[in-house]
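Me: Got a model open here and want a quick walk through it. Can we start with one loop residue and work outwards?

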Amino acid sequence: MTDGFNCGILGTGSFVPPNIITNEDLEKMVDTSDEWIVSRTGIKERRVVDKNVATSDIAAIAAQRAIKDAGIDAKDLDLIIVATVTPDMSFPSTACLLQDRLGAVNAAAFDLEAACSGFLYGIITAKQFIITGTYKNILVIGAECLSKIINWKDRNTCVLFGDGAGAAVLGRVEEGYGILSNCLGADGAGGQFLSLKAGGSRLPASVETVEQGLHYVSMKGNEVFKFAVKIMASAAEEAVNKAGLTADDIDYLVPHQANIRIIDAARKRLKLDENKVYVNLDRYGNMSSASIPVALDEAVHSGKIKKGHNIVMVGFGGGLTWGSCLMKWGK
Ligand code: ACO
């Protein structure tokens, strides 16, 4: 599976802000109910940052934890990739802000945007530099302050999302461990289903765009739902097949955390027991690119993922995009 070196995860870290918004809190803000949100999504509460906190602030905490877990120094990093749809600003990139904050003086840095699939796009990009021997240690982060781009008066979206950050240090691992297979995909024709229309070169921010709320996330939830149910299982299957394995060989599934019904549909198609799937969306909602790395970090540090396990990470998101990765855990 590799060109020269084997690439795996050397350490993980995550951070979610302490402020909790429960479904009961949302009942006071929009026309919704705890019953509706739990039965349609599985979400009970989500975390949100304070007004003065930006994505690089929470990313830095997750990154420091991952660097410590990997047993390296920030100066050992060769590259930082930040996957986010909520960068601190258009430029400089959040990765560059973080490079400075971490003192990662030897690292190149760039942001990558693939919405909720961003972390998987990030680690599969990082893998290319590792297996060819170009770089040794790469920090990949998925971090979002989605609370800043959500219309808190729109019940269709505000109940779904939360803030958080997850990070992983990728590097060389011994033969037989690390990333065994991966897949990435996109369907730009479905981009209209999930977008933030204003603030780019097509529709620069103006008084009118703000008045029309075009600087907030807009989503056709049922279109995204239909796409997600299909793609979660097929992307996971693709990674399993490419590795020459079967679904029976999966020890643990770490899926994107958008909706429990989407996760359950994928789990059933893969014929996996519930105890082989990590779920934390009840506590955090959908944190976009941060969902998978936060779930991974929790699953690893709670002892659910162990050395030698075959784990599959799989996600989908705006773009539309998707990705999956099968890894033999080596720590
Ligand atoms: N509370 C109460 N009612 C609501 C709420 C709410 N919070 N939100 C929507 N409704 C209403 C709708 O207005 C609609 O009412 P109507 O029939 O009178 O028009 C009704 O509930 C049913 O809406 P549906 O869209 O049919 O509900 P559905 O069962 O599809 O669930 C949901 C909606 C949860 C959004 C689902 O479609 C979903 O999870 N989609 C995927 C979304 C997703 O994953 N997005 C993130 C992608 S990742 C990324 O890149 C950020």
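Reply: Sure. This is a predicted model. Start at Val159, which sits in the loop between α6 (155-158) and β7.

Me: Is Val159 buried or exposed?
Reply: Buried. Val159 counts as such because its relative accessibility is 1%, and the cut-off for buried is under 20%.

Me: What does Val159 touch, leaving aside neighbours within four places in sequence?
Reply: Leu26, Thr32, Ile37, Ile43 and Arg46. Take Ile37: Val159 and Ile37 are 122 residues apart along the chain, yet their C-alpha atoms are separated by 7.1 Å.

Me: OK, on to β7. Which sheet is it in?
Reply: An open one with five strands. The order is β1-β7-β6-β4-β5, and the pairing is mixed.

Me: Which strands stand at the edges?
Reply: β1 (6-15) and β5 (108-112). Each has a single partner strand, so one side of each lacks a neighbour in the sheet. On average, neighbouring strands here are turned by 20° against each other, direction ignored.

Me: How do β1 and β7 pair, parallel or antiparallel?
Reply: Antiparallel, over nine bridges, with β7 covering residues 164-173. Gly8 is opposite Gly171 of β7. Ser14 is opposite Gly166 of β7.

Me: How many residues of β1 are buried?
Reply: 10 of its 10, so to speak of β1 as mostly covered is fair.

Me: Which helix lies across β1?
Reply: Helix α3 (residues 55-70) does, and it also lies across β6 (138-144) and β7. Its direction is at about 130° to β1.

Me: Back to Ser14. Which side chain does it share a polar contact with?
Reply: That of Asp297, at 2.7 Å. Asp297 belongs to helix α11 (residues 291-301). Beyond four places in sequence, Asp297 is in contact with Thr12, Gly13 and Ser14.

Me: What is the nearest side chain of opposite charge to Asp297?
Reply: Arg65, 6.5 Å away. Asp297 is buried and has no salt bridge. The salt-bridge cut-off is within 4 Å.

Me: Now β4. How many of its residues are buried?
Reply: Five of the five in β4 (residues 79-83), so the strand is largely enclosed by the rest of the structure. Leu79, Ile81 and Ala83 point one way, while Ile80 and Val82 point the other way. Both sets are buried.

Me: And β4 with β5, parallel or antiparallel?
Reply: Parallel, over five bridges. Within that pair, Ile80 is opposite Ala109 of β5.

Me: New topic. What is the order of strands in the sheet of four?
Reply: β8-β13-β12-β11, in an open sheet with mixed pairing. β8 (178-186) and β11 (252-255) are the edge strands. Each of them has a single partner strand, so one side of each is left without a neighbour in the sheet. The average turn between neighbouring strands is 10°, direction ignored.

Me: How do β12 and β13 pair?
Reply: In the antiparallel sense, over eight bridges. β12 is residues 310-317 and β13 is residues 321-328. Phe316 stands opposite Trp322 of β13.

Me: Which helix lies across that sheet's strands?
Reply: α8 (residues 221-242). It lies across β8, β11, β12 and β13, at about 150° to β12.

Me: Backbone oddities next. Where are the cis peptide bonds?
Reply: One runs from Phe91 to Pro92, with omega near 0°. Pro92 is in the loop between β4 and α4 (94-102). Another joins Gly319 and Leu320, with omega about -10°. Leu320 is in the loop between β12 and β13.

Me: Why flag those?
Reply: Because most peptide bonds are trans, and most residues other than glycine have a negative phi.

Me: Which residues other than glycine have a positive phi?
Reply: Ala115, at about 50°, and Ser288, near 50°, are two to look at. Ala115 lies in the loop between β5 and α5 (118-131). Ser288 lies in the loop between α10 (281-284) and α11.

Me: Are Ala115 and Ser288 buried or exposed?
Reply: Ala115 counts as buried at 10% relative accessibility. Ser288 is buried too, with a relative accessible area of 4%.

Note on methods: Residues are numbered from 1 along each chain as its sequence is written. This is a predicted model: local features need pLDDT of at least 70, side-chain atom pairs count only at pLDDT 80 or more; totals for chains, interfaces and linings use all residues. Side-chain values use heavy atoms; hydrogens and water are left out. Two strands pair if DSSP finds at least two bridges between them. Helices (H or I, at least four residues) and strands (E, at least two) are DSSP runs, numbered from the N terminus. Axes are lines fitted to C-alpha atoms, for helices over the stretch in contact, and angles run from 0 to 180 degrees between N-to-C directions. Contact means heavy atoms within 4.5 Å. Buried means under 20% relative accessible area, exposed over 50%, partly exposed in between (1.4 Å probe, protein chains only). Lys and Arg count as positive and Asp and Glu as negative; His and the chain ends are not counted. A polar contact is a pair of N or O atoms within 3.5 Å; within protein, one must be able to donate a hydrogen and the other to accept it, and residues adjacent in sequence count only if both atoms are side-chain atoms.
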